[in-house]
Amino acid sequence: MKKLFLGLAVVAGSLAFAQETKTTPTVTTVNNDKGPIRVGIKAGGNTASFNDQDVSLDNQKLGFHAGVLVNIPLSKKFAIQPEVLYNQLGAKSVLSSTEVTTGATTVKTKDDYSTTLNYISVPLMLQMRPTENFYIEAGPEFSYFIDGKNKGSRTIESTTGGVTTTQASSTSEDINKDDIKKFNVGLGLGLGYDFTHNLGINARYVNSLTNIDANPVKGVDATTNRVFQLGLNYKF
């Protein structure tokens with residue numbers, strides 16, 4: 001009889017313990033707030049020059065860039081952005097600039113020379129966002145040379161008694177594609193700001209690492225591209 005009561009007591013105690021002890025299921029929360037992949041377009045202006053030129057407004061070749069982009073978030077702070085751009089590079093030089101005054105007449109003569117190099121460029125930027133709307137970026141840029149043009153111009157301004165007359169002449173020739181290296185590799189560094197969820201502005205500097213001369217002369221320093229870009233982008 002004592003054994004029976006002892007067994008019932010053990011069973012009762014086990015049931016009571018089971019009622020008081022509850023198993024709490026483990027819930028795993030996944031924080032997936034990196035955002036969706038987005039496609040967009042971008043376009044803007046370029047100011048380009050060669051590495052052996054002084055940094056001045058007189059040496060800046062104006063051009064443009066335009067193309068498409070894909071923004072791929074890696075996390076809330078980081079993203080990769082590949083782009084495909086039509087990209088105008090090159091340089092401009094003031095070969096001579098003179099001013100001669102004879103009596104009441106002043107004659108100003110200016111000779112310019114410019115080179116335009118058109119590329120298809122594929123930047124691959126790693127972007128980091130310190131804030132929601134502002135980001136900095138860096139990465140390589142791979143470019144393929146399409147065609148180019150050399151252009152020379154002369155402007156003569158003659159001023160007599162406050163009246164100015166201007167004469168202008170120019171020459172132009174296509175660049176021999178065999179003279180320019182087809183592939184160009186550069187490094188880009190930039191920053192941007194998103195005004196809205198769709199519209200933003202971007203500034204980027206790209207310095208080429210590749211000699212653009214396909215037939216370099218021994219003992220002559222390499223000529224490379226450098227360009228500053230400023231433009232707008234729109235993400236869908």
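**Group meeting: strands, core and a few chosen residues**

Let me begin with serine 153, which is partly exposed, because its relative accessible area comes to 25%, and that value falls between the 20% under which a residue is buried and the 50% over which it is exposed. Please keep in mind throughout that this is a predicted model. Serine 153 is found in strand 5, which covers residues 134-160, and, if we leave out residues up to four places away in sequence, it touches Lys110, Asp111, Asp112, Ser169 and Ser170. For one of these, serine 169, I also have a backbone distance: its C-alpha atom is separated by 5.7 Å from that of serine 153, although the two positions lie 16 residues apart in chain numbering terms, that is, they are 16 residues apart.

Now the overall layout. The protein chain has one helix and nine strands, and, read along the sequence, the helix comes before the strands in the pattern α-β-β-β-β-β-β-β-β-β. Of its 236 residues, 32% count as buried, and among the contacts between residues at least 6 apart in sequence, 65% join residues at least 24 apart.

Which residues make up the largest nonpolar core? There are twelve of them, namely Ala48, Phe50, Leu89, Ala91, Leu117, Tyr119, Phe145, Ile175, Ile180, Val206, Ile212 and Val227. At least two residues of this core come from each of strand 1 (38-50), strand 3 (78-102) and strand 4 (105-128). Alanine 48, one of the core residues, is in contact with Asn59, Gln60, Lys61, Leu89, Gly90, Ala91, Arg226 and Val227, once its neighbours within four places in sequence are set aside.

The aromatic pairs in the model number five. In one of them, the ring centres of tyrosine 119 and phenylalanine 145 are 5.6 Å apart and the ring planes stand at 65 degrees, so the pair is classed as edge-to-face. This pair links distant parts of the chain, with tyrosine 119 in strand 4 and phenylalanine 145 in strand 5, 26 residues apart. Both tyrosine 119 and phenylalanine 145 are buried.

I turn next to two polar residues. Lysine 61 lies in strand 2, residues 61-73, and it is buried yet has no salt bridge, since the nearest side chain of opposite charge, that of aspartate 147, is 11 Å away, whereas a salt bridge would need the charged atoms within 4 Å. What does the side chain of lysine 61 make a polar contact with? The partner is the side chain of threonine 116, at 3.3 Å. Beyond residues up to four places away in sequence, lysine 61 touches a set of residues including Asn46, Ala48, Leu89, Lys92 and Ser114.

Asparagine 87, in strand 3, counts as buried because its relative accessibility is 0%. Its side chain makes a polar contact of 3.1 Å with the side chain of glutamine 229, and among the other residues in contact with asparagine 87, neighbours within four places excluded, are Asn46, Phe64, His65, Leu117, Tyr119 and Glu141.

To finish, alanine 43: is this residue of strand 1 buried, partly exposed or exposed? At 40% relative accessibility, alanine 43 counts as partly exposed. Its C-alpha atom is separated by 7.4 Å from that of phenylalanine 64, a residue 21 places along the chain, and, leaving out residues up to four places away, alanine 43 touches His65, Ala66, Gly231 and Leu232.

Key
Residues are numbered from 1 along each chain as its sequence is written. This is a predicted model: local features need pLDDT of at least 70, side-chain atom pairs count only at pLDDT 80 or more; totals for chains, interfaces and linings use all residues. Side-chain values use heavy atoms; hydrogens and water are left out. Helices (H or I, at least four residues) and strands (E, at least two) are DSSP runs, numbered from the N terminus. Buried means under 20% relative accessible area, exposed over 50%, partly exposed in between (1.4 Å probe, protein chains only). Lys and Arg count as positive and Asp and Glu as negative; His and the chain ends are not counted. A polar contact is a pair of N or O atoms within 3.5 Å; within protein, one must be able to donate a hydrogen and the other to accept it, and residues adjacent in sequence count only if both atoms are side-chain atoms. Contact means heavy atoms within 4.5 Å. A nonpolar core is a set of buried Ala, Val, Leu, Ile, Met, Phe, Trp, Tyr and Cys residues joined through side-chain atoms within 4.5 Å. Rings of Phe, Tyr and Trp (its six-membered ring) pair if their centres lie within 6.5 Å; planes under 30 degrees apart count as stacked, over 60 as edge-to-face and the rest as tilted.
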